[in-house]
Amino acid sequence: MHIVTPCIESTPLSHRRGFPVWLKLENTQPAGSFKQRGMGAAARAAVEAGAQRLVSSSGGNAGLAVAWAGRTLGVPVTVVVPSRTSEGMKARIAAQGADVQVHGEVWDDAHARAIQLAERGGALMHPFDHPDIWEGHSTLIDELPHEPKALVVSVGGGGLLAGLLMGLQRRGWSTRVYAVETFGTDSLFRAMEARRVVDRGGIDGIALTLGARAVAQECLRRSLDWGVQPLRVSDRQAVEACARFADDHRMLVEPACGAALAGLDQVQAEDALVVVCGGASVTPADLASWLATTR
Ligand SMILES: *Cc1c(COP(=O)(O)O)cnc(C)c1O
């Protein structure tokens with residue numbers, strides 16, 4: 001349901017930081033992000049349990065990953081997206097054979113509609129809060145050739161982080177984990193400070209993919225247990241990191257991923273691995289416009 005992605009040393013980032021920096025290139029998953037791991041595993045489990053249809057409410061990388069998984073498994077997929085979802089992303093999801101429906105202006109509206117559709121016969125695929133998803137994301141750690149001293153990853157709802165912590169625990173590793181958010185999407189940072197899940201009411205800024213108002217309980221629990229270090233970066237830092245990554249490695253990623261690359265600047269370690277989480281619908285024009293407009 002996903003591919004084994006390359007893990008390469010980044011000469012430019014190693015020079016920048018003064019220690020070896022490795023990149024796990026989840027942007028090379030065919031569906032454009034690590035979401036393919038978790039959504040693929042969850043979709044397979046749902047179909048094995050008898051689901052006749054998969055329903056997703058994500059207008060982002062998770063929706064595309066569900067569409068990809070459904071096509072691979074031969075089950076129909078409906079993706080309900082809010083009206084602010086870009087035409088490019090809708091076209092990519094539709095190109096996987098999924099039925100794309102627009103409902104409401106924000107994700108909560110689309111999600112409410114997806115719940116209704118799923119009740120009429122379908123499995124609702126949550127974007128980050130399910131054990132099958134964490135299990136799928138944890139396969140990233142199984143693929144690492146050696147134990148990194150530090151691991152840098154961005155956090156939205158916390159599905160990826162929860163899965164990576166599961167994977168690290170399974171390998172018996174004691175890697176220091178840095179979890180990066182933008183200031184406008186810092187739901188894990190706030191939850192770790194308060195030691196309970198905090199609803200931050202809304203989200204701000206450019207890293208929409210990191211915009212969960214609250215992190216999954218499981219992510220917070222594991223983060224506190226592990227002693228995860230939460231970090232925050234500005235939108236500008238995230239965008240500049242995307243631009244640098246394009247120059248250095250000739251690949252486009254979205255600001256949610258640029259956040260992890262920017263967070264690396266706050267890490268001191270003998271070596272570090274950055275999860276290049278991806279971004280399925282970034283164009284060169286998007287990058288140019290973010291650079292021109294983001295402060
Ligand atoms: C979904 C996503 C994230 C955040 O993942 P969570 O599991 O919600 O924390 C980060 N980056 C990209 C590119 C994503 O698609």
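Colleague: How many salt bridges does the count come to?

Modeller: The model is a predicted one, and a pair enters the count when a side-chain nitrogen of Lys or Arg lies within 4 Å of a carboxyl oxygen of Asp or Glu. By this rule the count comes to 15 salt bridges.

Colleague: Which residue forms a salt bridge with Asp-265, and where in the chain do the two partners lie?

Modeller: The partner of Asp-265 is Arg-16, and the closest N and O atoms of the pair are 2.8 Å apart. Asp-265 sits in the loop between α11 (255–263) and β10 (272–276), whereas Arg-16 belongs to helix α1 (residues 11–17), so that distant parts of the chain are linked. Asp-265 is partly exposed at a relative accessible area of 33%, and Arg-16 is partly exposed at 41%. Along the chain, the separation between Asp-265 in its loop and Arg-16 in α1 is 249 residues.

Colleague: Which residues form salt bridges with Asp-186?

Modeller: Asp-186 counts as buried, with 1% relative accessibility. One salt bridge joins Asp-186 to Arg-190, the closest N and O atoms being 3.0 Å apart, and Arg-190 is partly exposed at 33% relative accessibility. Another salt bridge, with 2.7 Å between the closest N and O atoms, joins Asp-186 to Arg-200. The partners asked for are therefore Arg-190 and, in a pair whose two residues are both buried, Arg-200.

Colleague: Which parts of the chain does the pair of Asp-186 and Arg-200 tie together?

Modeller: The salt bridge between these two residues has its closest N and O atoms 2.7 Å apart. Because Asp-186 lies in the loop between β8 (176–182) and α8 (187–194), while Arg-200 lies in the loop between α8 and α9 (217–226), the pair ties together two loops, at positions 14 residues apart in sequence.

Colleague: Is Arg-195, with its positive phi, buried or exposed?

Modeller: Arg-195 is a residue other than glycine with a positive phi, near 60°, and its place is in the loop between α8 and α9. The cut-off for an exposed residue is a relative accessible area over 50%. Since the relative accessible area of Arg-195 is 60%, this residue is exposed.

Colleague: Where does Arg-250 lie, and what is its relative accessibility?

Modeller: Arg-250 is not a glycine, yet it has a positive phi of about 60°. The residue is placed in the loop between α10 (235–249) and α11. Arg-250 counts as exposed, with a relative accessibility of 69%.

Colleague: What distance separates the end C-alpha atoms of helix α2 (residues 35–48)?

Modeller: At 1.5 Å a residue, the 14 residues of α2 should span 20 Å. The computed distance between the end C-alpha atoms agrees with this expectation, so the value asked for is 20 Å.

Colleague: Which elements do the buried residues of α2 pack against?

Modeller: The buried residues of α2 include Arg-37, Met-39, Ala-42 and Ala-46. The elements against which the buried residues of this helix pack are β2 (21–25), β3 (54–56), α3 (61–73), β6 (123–125) and α6 (131–142).

Colleague: Which residues is Val-282 in contact with, leaving aside its neighbours within four places in sequence?

Modeller: Val-282 has its place in the loop between β10 and α12 (284–293), where it is buried, with a relative accessible area of 13%. Although Val-282 and Val-253 are 29 residues apart along the chain, their C-alpha atoms are separated by 6.4 Å. With its neighbours within four places left aside, the contacts of Val-282 are Leu-252, Val-253, Glu-254 and Trp-290.

Terms used: Residues numbered from 1 in each chain as written. Predicted model: local features only at pLDDT ≥ 70, side-chain atom pairs only at ≥ 80, totals over all residues. Heavy atoms only, no water. Helix = DSSP H or I, 4+ residues; strand = E, 2+ residues; numbered from the N terminus. Buried < 20%, exposed > 50% of the residue type's maximum accessible area, 1.4 Å probe, protein only. Expected span 1.5 Å × (residues − 1). Contact = heavy atoms within 4.5 Å.
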